[in-house]
Amino acid sequence: MKKRRQAKIIEIISANEIETQEELQALLIEYGFEVTQATISRDIKELRLVKELSAKGKYYYSTGKRSNENAQRRAGGIFNESIISIEYAMNIVVIKCFAGMANAVCAAMDSMNIEEVLGSIAGDDTIFILCVNEDAAMNFTYKLRKMINA
């Protein structure tokens, strides 16, 4: 029962912007799950759900794994405002940013969950991105340049 309920919770929050536990509880009851607020609270903790800010300025429950397209759209602004240059050598991409902006740019990139990227390190104004191979670094560099010039 618990696994089915938690699967339904993931389904519900993936399809709807659920702001409160009470909202979630009401939907679960509609789907035939008799649950208390305490049970929902435990499920939220076990599922490691987080609250994210919607485009409407309200917080809603999420798995924390944003869609790549959504993350790219959100990151585009910070990339345009912060990145000075992007180059790659072998499987490493080096991104130069304005002073103090590398951490923010790096965090935005990390949230995009790009499968070609193995990891990243940010300093004050420089980011090193380790890609799976040289082709991945070249493609990542191309995509990022295209995103900035869009």
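**Entry 1: overall shape**

What radius of gyration would a compact globule of 150 residues have, and what does the protein have? I looked this up before anything else. The globule would come out near 15 Å, but the protein has 19 Å. I note here that I am working with a predicted model. Next I checked the extent of the C-alpha trace, which spans about 55 × 30 × 25 Å along its principal axes. I also looked up burial for the whole chain: 35% of the 150 residues count as buried. For contacts with a separation of 6 or more, 49% join residues 24 or more positions apart.

**Entry 2: the parts list**

I went through the secondary structure and found six helices and six strands. Reading along the sequence, I wrote down the pattern α-α-α-β-β-α-β-β-α-β-β-α.

**Entry 3: helix α1**

I picked helix α1, residues 2-15, for a length check. Its 14 residues at 1.5 Å a residue should span 20 Å, and I find the end C-alpha atoms 20 Å apart, which agrees.

Then I asked myself which residues of α1 are buried. They are Arg5, Gln6, Lys8, Ile9, Ile12 and Ile13. Looking down the axis of α1, I see these buried residues within an arc of 155°, so they line one face of the helix. A reminder to myself on spacing: an α-helix has 3.6 residues a turn, so residues three or four places apart point the same way.

On the face of α1 turned away from the buried side, I found the exposed residues Lys3, Arg4, Ser14 and Ala15. I also looked for what covers the buried residues of α1, and the cover includes α2 (21-30), α3 (37-47) and β2 (59-62).

**Entry 4: helix α3**

I moved on to α3, where Thr39, Ile40, Asp43 and Ile44 are buried. They cover an arc of only 140° around the axis, which puts them on the same side of α3. Their cover includes α1, α2 and β2. After α3 comes Arg48, and I noted its positive phi, near 55°.

I also clicked on Leu47, which is found in helix α3. With a relative accessible area of 23%, Leu47 is partly exposed. Which residues does Leu47 touch, not counting those up to four places away in sequence? I get Gln6, Ile9 and Ile10. For Leu47 and Gln6 I wrote down two separations: 41 residues in sequence, and 7.6 Å in space from C-alpha to C-alpha.

**Entry 5: two nonpolar cores**

Which members of the largest nonpolar core touch the most other members? Of its 22 residues, they are Phe79, Ile83, Ile95, Met109, Ile127 and Leu144. I traced where this core comes from: β3 (83-89), β4 (92-97), α5 (102-111), β6 (126-131) and α6 (134-149) each supply at least two residues. The largest share, six residues, comes from α6.

I zoomed in on Ile83. Leaving aside neighbours within four places in sequence, Ile83 is in contact with Ile95, Lys96, Cys97, Val105, Met109, Leu144 and Ile148. Apart from this largest core lies another core, of 12 residues, and among them are Ile13, Leu28, Phe33 and Leu49.

**Entry 6: cysteines**

How many disulfides does a search of the whole structure find? My note says zero. Cys97 is in no disulfide, and the nearest cysteine sulfur, that of Cys106, is 8.8 Å away. A disulfide needs the two sulfur atoms within 2.5 Å, and the 8.8 Å from Cys106 to Cys97 is too far for a bond.

Are these cysteines buried or exposed? Cys97 has 4% relative accessibility, so I count Cys97 as buried. Cys106 is also buried, with a relative accessible area of 6%.

**Entry 7: a loop residue**

Last, I looked up Asn91. I found Asn91 in the loop between β3 and β4. Its relative accessibility is 24%, so Asn91 counts as partly exposed. Not counting residues up to four places away in sequence, Asn91 touches Ile129, Leu130, Cys131, Asn133, Glu134 and Ala137. I also checked Asn91 against Asp135: they are 44 residues apart along the chain, and their C-alpha atoms are separated by 7.5 Å.

Methods: Residues are numbered from 1 along each chain as its sequence is written. This is a predicted model: local features need pLDDT of at least 70, side-chain atom pairs count only at pLDDT 80 or more; totals for chains, interfaces and linings use all residues. Side-chain values use heavy atoms; hydrogens and water are left out. Helices (H or I, at least four residues) and strands (E, at least two) are DSSP runs, numbered from the N terminus. The expected span of a helix is 1.5 Å times one less than its number of residues. Buried means under 20% relative accessible area, exposed over 50%, partly exposed in between (1.4 Å probe, protein chains only). The arc is that of the directions from the helix axis to the C-beta atoms. Contact means heavy atoms within 4.5 Å. A nonpolar core is a set of buried Ala, Val, Leu, Ile, Met, Phe, Trp, Tyr and Cys residues joined through side-chain atoms within 4.5 Å. The radius of gyration is taken over C-alpha atoms; the globule rule is 2.2 Å times the number of residues to the power 0.38.
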